[in-house]
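Please examine the structure shown below before reading the report that accompanies it.

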Amino acid sequence: EEGVDSDAIVAAAAAAAADAEQAARREEVKSKLRAKARIERAIESLEHKAKIYEIDWPKELGGLPMGVYVHKMRVGDAKGKQDPERRAKLDAIGFTWGDESKYLYFNFNHVVLALSRYRKFYGDLCVRADYTIPKAQPWPPGWEGAPLGEAVNIIRAQKDLLQHEYPDRYRMLCMMDFLWVPASFTDDEEENEARVRELTKHQAEYTDGEDWALKFYRSMTESEWEQMRDAYEQGFEMNEGERLFTLDDIYRVERDYPRDQEPDRLLIR
């Protein structure tokens, strides 16, 4: 056809084909590198386990779930990081504290237990900032003096961390009708802001664009995911604090990330 440069069209098509081929090769290389990295991580894990099994452990430690205890110390569920004496001993043996951005400055299990009792006794979770558990009934012996009001405000200060990194804990607090108001440790505004900054200075910056459906998909077993999907399909009601994604998001994730194409999921659990 007059005015059409056929040579230019052929050249453009050839260039596009070459670009596509290069892109495919790059993707193939990336895929091989990812597979190699997964294999190396698996080998490192096996070598580490082999070294552990070679240790002549004292008999009285047989069956001790050491990994569970280590995890608890790294996320704040057990004393260690905030206890000067214990931390000094752990630092001395080279203990690694893990990802500081995911550390909770309160013992979740203890606080939830105290909050459940507080609600039972008082009918709500309107805990004053200066509230400490009294030495009186109906509180159990040994609980007196625990700064529950301070713990509540630490939870409020770390709301984003709970919502993004510990969604199961966040949902539990929502189910208890926890009051997600701004943290208020003191009436002094500057002092209060400084305290909140101290608690959140290592946290990641979370955005509303977080793909929550995908995070849950990759952290749940197939059975757990199916149970949740069934609940959504049956119209399970959730309050506003728990509604992180929709049924359409669930279908989207299943469509875009088939289980057989998610090999890393088992390695990161």
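The report covers the fold, the surface, the cysteines and one pocket.

This is a predicted model, in which local features need pLDDT of at least 70 and side-chain atom pairs count only at pLDDT 80 or more, while totals for chains, interfaces and linings use all residues. Residues are numbered from 1 along each chain as its sequence is written, and side-chain values use heavy atoms, with hydrogens and water left out.

The protein chain contains 12 helices and 0 strands; helices (H or I, at least four residues) and strands (E, at least two) are DSSP runs numbered from the N terminus. Of its 269 residues, 28% count as buried. Buried means under 20% relative accessible area, exposed over 50%, and partly exposed in between (1.4 Å probe, protein chains only).

The count of disulfides is 0, a disulfide being a pair of cysteine sulfur atoms within 2.5 Å. Two cysteines illustrate the burial classes.

| Cysteine | Relative accessibility | Class |
|---|---|---|
| Cys126 | 46% | partly exposed |
| Cys174 | 6% | buried |

The second largest pocket is an open set of points on a 1 Å grid over the protein atoms alone, where a 1.4 Å probe fits, with protein on both sides within 12 Å along at least five of seven lines; its lining residues have an atom within 4 Å of a point. Which residues lie nearest the centre of this pocket? They are Phe106, Asn107, His110, Val111 and Pro147, from a lining of 28 residues. The helices α4 (108-122), α5 (148-157) and α8 (189-200) each supply at least two residues of that lining.
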